[in-house]
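Thanks for making the time this morning. I would like to walk you through one model, and I will try to go slowly enough that you can follow along on the screen.

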Amino acid sequence: MRDVAVIGVGMTEFGELWSDSLRTIWAKAALAALADAGVDEVDLITVGCMSPGLFVGQEHLASVLADEIGMAGVPSARVESACASGGLALRTGFAEVASGLSDTVLVTGVEKMTDVDGSDATYALGTAADQEWEGFHGITFPGLYAMLAMAHMERYGTTVEQLAAVAVKNHANGLLNPHAQYHLKLTVEDVLSSTMVADPLHLFDCSPVTDGAAAVILTTVERAKEINGKRPIVKISGSGLATDTITLANREDLTELKAVRLAADRAYAMADRKPEDMHVVEVHDCFTIAEIMATEAIGLFEPGEGGAAAAGGLTALNGKIPVNTSGGLKSKGHPVGATGVAQAAEIVTQLRGEAGQRQVEGATVGLAQNMGGSGGSSIVHIMEVVK
Amino acid sequence: MISPGRSWREYPQRYRLEAAKCSCGKVLYPPRVVCPSCKGDTFETIVLPRKGKVVTYTVVRVPPAGFTEQTPLPIALVELMEGVRIMVQVGDLADPDELEIGMPVRLEFRRISWDGDAGLIFYGHKAVKS
């Protein structure tokens, strides 16, 4: 396999972008990444997008978007793994460059979620869960994660205050990210007094509905050295993909995100790295419990210790291992198909030393963990500065 | 919403709690064409027991379309036998806060949801305190 570098990143502001269509949002992110990389031609475009059919009534997205920036004719492929579609787009691009099928790839993620009302958005997101055997009974996405939270609380004594601590931390980080949807300082009391969505998850335990797009440019490390002057070169040293049962009914252990553990193990093995080597980490905090369970599954903490770690400040910007410096899905926003690419963009920005006020000093190795549904799929990438 | 064909296809599982028992002993609900445990394809039809206990639960306070008249909506994952769990609503609770992990329940045939005034009515099973 060839070594693969990320030579450009770009993203839109995340939020309710009423004046922009899906294709406009996507084009802005794609062009920003191409400009950042100093590249104007690519061999392939990958598009991570969960459900353009339900959110904007448009399929065949890979061709629509290639054409949008004057690249009709260029190979383009949309990939889908629910909320992990962006991570899958990155892995697809990585595999193309690593294998030699492509030399330069424009990896993108996008979701336009506010062209439908809340009920339709809830329905579209719900299609990532098992519709026939679980959705049929009225369970929602927050409901599925609430069930995982209940099991985690029962087994490990995780508390609602620990869940709230994740939201407080990520909103504090989001205050330092100009692209974030919410610039809102929260307290534990704010979270616990917000509307109950599905016991024990309050409104501020949940990530929002968001429009946004993100993009990165991949090429070989060899080529990156030729074209990338003074900035540190960041390579993708590990990529892991895994699945788990879609239904909670078929999970052997409701307190572990098995797909996340398997994807992380595979990425660590490829990169020859361990959890303790990480300097900065982005995890898929679609709900606060998801961050707690993800930090356990990727090996930052022992099973059951993720809640105490978050409440104890270990994952804060100045903590032992900063998690979700971007603000995470909670504060930065969660345009589902864009999220996995935006996480990678944050890690690259950190490793380049360009994260401004939220910079983790001296970070040279980082990890991004993206997840589909209630853990039915997960994708983990490890990135590091090329010495 | 669910089409008549799709609803009809699922009657054996929804109405009668029919499951497939593989020759290796694994019970599949719903049935599949291959056993995920032994990869075998020889099954007999069995009916699931109606008694079980709550493995985990939530109370959905912001419901999806089709369930707005049933809010708050207690939902539980119920273990009916070793290795067989089912996602169901919990009915007849005076207060949803009564729900707890480990609670013994039994399944009863109930109306689950309905598609407006003129559409299909969907039946299945709900759990009640046992």
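How do the residues of the lining of the largest cavity divide into nonpolar, polar and charged? Before I answer, please keep in mind that this is a predicted model, and that what I describe has been computed from it. The lining of the largest cavity divides into six nonpolar residues, one polar residue and two charged ones. If you would like to find them, the residues are F136(A), together with S7(B), E10(B), Y11(B), R14(B), Y15(B), I121(B), F122(B) and Y123(B). In terms of elements, α2 (11–16) and β8 (121–129) of chain B each contribute at least two residues to that lining. The space inside comes to about 50 Å³, and the search of the whole structure turned up three cavities of 30 Å³ or more.

Let me turn from the cavities to the pockets, and to the second largest pocket in particular. Its volume is about 590 Å³, and 22 residues line this pocket, with T245(A), N250(A), R251(A), E252(A) and K26(B) lying nearest its centre. By class, that lining holds seven nonpolar, four polar and eleven charged residues. Here α10 of chain A, along with β2 and β6 (84–89) of chain B, each supply at least two of the lining residues.

Since chain B has come up several times, a word on how this chain is built. Its secondary structure amounts to two helices and eight strands, and, reading from the N terminus, the order of elements is α-α-β-β-β-β-β-β-β-β. Along its principal axes, the C-alpha trace of chain B spans about 45 × 35 × 20 Å.

There are two places in chain B where I would ask you to look at the backbone. The peptide bond from Y29(B) to P30(B) is cis, with omega near -5 degrees, and P30(B) sits in the loop between β2 (27–28) and β3 (43–47). A cis peptide bond also joins T71(B) and P72(B), with omega about -5 degrees, and P72(B) is found in the loop between β4 (51–60) and β5 (73–81). Over in chain A, the residue to look at is D272(A), which is not a glycine and yet has a positive phi, near 55 degrees; D272(A) belongs to the loop between α10 (258–271) and β9 (280–282).

Finally, I want to show you two helix pairs in chain A. In one of them, α4 (residues 85–99) and α14 (residues 336–351) have axes that come within 5 Å and cross at roughly 60 degrees, so α4(A) and α14(A) are oblique to each other. On the α4(A) side the contact uses S85(A), G86(A), G87(A) and L90(A), which meet G337(A), G340(A), V341(A) and A344(A) of α14(A). The residues of this contact divide into three nonpolar, five polar and no charged.

In the other pair, α6 (residues 141–156) and α11 (residues 288–297) pack at an angle of about 60 degrees with their axes 9 Å apart, and therefore α6(A) and α11(A) are oblique to each other; their crossing is left-handed. The contact is made by Y145(A), L148(A), A149(A) and H152(A) from α6(A), and by I289(A), A290(A), I292(A), M293(A) and E296(A) from α11(A). By class, the residues of the contact of α6(A) with α11(A) are seven nonpolar, one polar and one charged.

That is where I will stop, and I am glad to go back to any of these places on the screen.

Definitions and conventions
Residues are numbered from 1 along each chain as its sequence is written. Chains are lettered from A and ligands numbered from 1 in the order in which they are written. This is a predicted model: local features need pLDDT of at least 70, side-chain atom pairs count only at pLDDT 80 or more; totals for chains, interfaces and linings use all residues. Side-chain values use heavy atoms; hydrogens and water are left out. On a 1 Å grid over the protein atoms alone, a cavity is a set of points where a 1.4 Å probe fits but cannot get out, and a pocket is an open set with protein on both sides within 12 Å along at least five of seven lines; lining residues have an atom within 4 Å of a point. Grid points are joined across faces, edges and corners, and a volume is the space filled by probe spheres set on the points. Helices (H or I, at least four residues) and strands (E, at least two) are DSSP runs, numbered from the N terminus. Ala, Val, Leu, Ile, Met, Phe, Trp, Tyr, Cys and Pro count as nonpolar, Asp, Glu, Lys and Arg as charged, and the others, Gly among them, as polar. Axes are lines fitted to C-alpha atoms, for helices over the stretch in contact, and angles run from 0 to 180 degrees between N-to-C directions. Angles under 35 degrees count as roughly parallel, over 145 as roughly antiparallel, 65 to 115 as roughly perpendicular and the rest as oblique. A crossing is left-handed if the near helix is turned anticlockwise from the far one by less than a right angle, and right-handed if clockwise. Contact means heavy atoms within 4.5 Å.
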